[in-house]
Amino acid sequence: MVTRLLYLARHAEQDLTALRESDAGEPDTGLTERGQQQATLLGERLRGRRFAAVHHGPLRRAAQTAELIARSLPEAPVYATELAGDHLPHDTDPAGLPPAYATFLAQFPAAERADGPRVTAEAVRRFTGPVPGEAPDGEPVRELVVTHTFLIAWLVRHALDAPERRWLGLNLHNAGLTVIRYSPGGPPNLIALNDVAHLPPELRATGLPPDYVV
């Protein structure tokens, strides 16, 4: 078995102009100019590391983020996968949670509460744990997954063996970087969480109120 270094990146800032101009719900749009800068800087941050693959979810904001990052990783193949999509990771019981979380969870229909956890479980099987085989050069296997807050929060919770409901409240920066190490000889190690050292302060954002940004 070979150590896996799983790099997780939330998509960069989405262009929500169309959402502000209509009531049709969240559109599947790409990145703002700021978002493009965020993704490019994350690619520069990762340049020089050898990646076995770059995976991204099917939505345009994730696909475009991955495309811009991959310009700095020319040898890494890029794959679109539903496993890195924007899914509800767990049908969390709202009992005992603050009212804001209960309201948030109530918006998801029954189909999403069933399908989201199923896809997320498949993502856990695909992206976590050591990699079977041998590493002739002695290096770990690095994979980058460009995805959304929900999946990153779930994988962090999973790595820490935290209660299932603790995926709630983990809010990630656009183009923030999280790294989890899976070695054959012990439990997962959370190497980095929501790291934005590659972004200047003016490009750090979560899409949440200002007090979520340091």
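Let's start with R113 and D91, which form a salt bridge whose closest N and O atoms are 3.5 Å apart. Keep in mind as we go that this is a predicted model. The R113–D91 pair links distant parts of the chain: R113 sits in helix α5, D91 in the loop between β3 and α4, and 22 residues separate them in sequence. How accessible are the two partners? R113 has a relative accessible area of 31%, which makes it partly exposed. D91 is at 42%, so D91 counts as partly exposed too.

Why would we look for such pairs at all? Side chains of opposite charge can pair when their charged atoms come close. In this model, the count comes to eleven salt bridges, and I'd like to walk you through two others.

The next one joins E143 to R4, with the closest N and O atoms 2.4 Å apart. E143 belongs to strand β4, residues 141-147, and R4 to strand β1, residues 4-10, so this pair ties together parts of the chain that are 139 residues apart in sequence. Buried or exposed, these two? Both E143 and R4 are buried. And there is a further partner to mention: R4, R126 and E143 are linked in a network of salt bridges.

Then there is R61 with D86, where the side chains meet in a salt bridge at 3.3 Å, N to O. Here again distant parts of the chain are linked: R61 is in helix α3, residues 60-70, while D86 is in the loop between β3 (78-80) and α4 (99-106), 25 residues apart. Now, R61 has a relative accessibility of 4%, and the cut-off for buried is under 20%, so R61 counts as buried. D86, at 35% relative accessibility, counts as partly exposed.

Okay, let's move on to helix packing. Two packed helices are described by the angle between their axes and the distance between the axes. For us, the helices are α5, residues 110-127, and α6, residues 149-159; they pack at an angle of about 60°, with axes 11 Å apart. That angle makes α5 oblique to α6. As for handedness, α5 passes α6 in a right-handed crossing.

Which residues make the contact between α5 and α6? On the α5 side you have T120, A123 and V124, and on the α6 side they meet L151, W154, L155 and H158. If you sort the residues of that contact by type, five are nonpolar, two are polar and none is charged.

Let's stay with α6 for a moment. How many of its eleven residues are buried? Ten of the eleven are, so α6 is largely enclosed by the rest of the structure. If you want to click through them in your viewer, the buried ones are T149, F150, L151, I152, A153, W154, L155, V156, R157 and A159. And what covers them? The cover includes β1, α4, α5, β4, β5 (177-182) and β6 (189-195). You'll recognise α5 there from the packing we just went through.

Following α6 comes D161, and its backbone is worth a look. Most residues other than glycine have a negative phi, and most peptide bonds are trans. D161, however, has a positive phi of about 55° although it is not a glycine. D161 is in the loop between α6 and β5, and with a relative accessibility of 69% it counts as exposed.

Where else does a positive phi turn up? N194 has a phi near 55°, again a positive value in a residue other than glycine. N194, though, lies in strand β6. Its relative accessible area is 19%, and since buried means under 20%, N194 is buried.

Last stop, R45, which is found in helix α2, residues 33-46. At 27% relative accessibility, R45 counts as partly exposed. Leaving aside residues up to four places away in sequence, R45 touches L177, D195, A197 and H198. And for a sense of distance, R45 and E33 are twelve residues apart in sequence and 19 Å apart in space, C-alpha to C-alpha.

That's my tour; I'm happy to take questions, and we can pull up any of these residues on the screen.

Note on methods:
Residues are numbered from 1 along each chain as its sequence is written. This is a predicted model: local features need pLDDT of at least 70, side-chain atom pairs count only at pLDDT 80 or more; totals for chains, interfaces and linings use all residues. Side-chain values use heavy atoms; hydrogens and water are left out. Axes are lines fitted to C-alpha atoms, for helices over the stretch in contact, and angles run from 0 to 180 degrees between N-to-C directions. Helices (H or I, at least four residues) and strands (E, at least two) are DSSP runs, numbered from the N terminus. Angles under 35 degrees count as roughly parallel, over 145 as roughly antiparallel, 65 to 115 as roughly perpendicular and the rest as oblique. A crossing is left-handed if the near helix is turned anticlockwise from the far one by less than a right angle, and right-handed if clockwise. Contact means heavy atoms within 4.5 Å. Ala, Val, Leu, Ile, Met, Phe, Trp, Tyr, Cys and Pro count as nonpolar, Asp, Glu, Lys and Arg as charged, and the others, Gly among them, as polar. A salt bridge is a side-chain nitrogen of Lys or Arg within 4 Å of a carboxyl oxygen of Asp or Glu. Buried means under 20% relative accessible area, exposed over 50%, partly exposed in between (1.4 Å probe, protein chains only).
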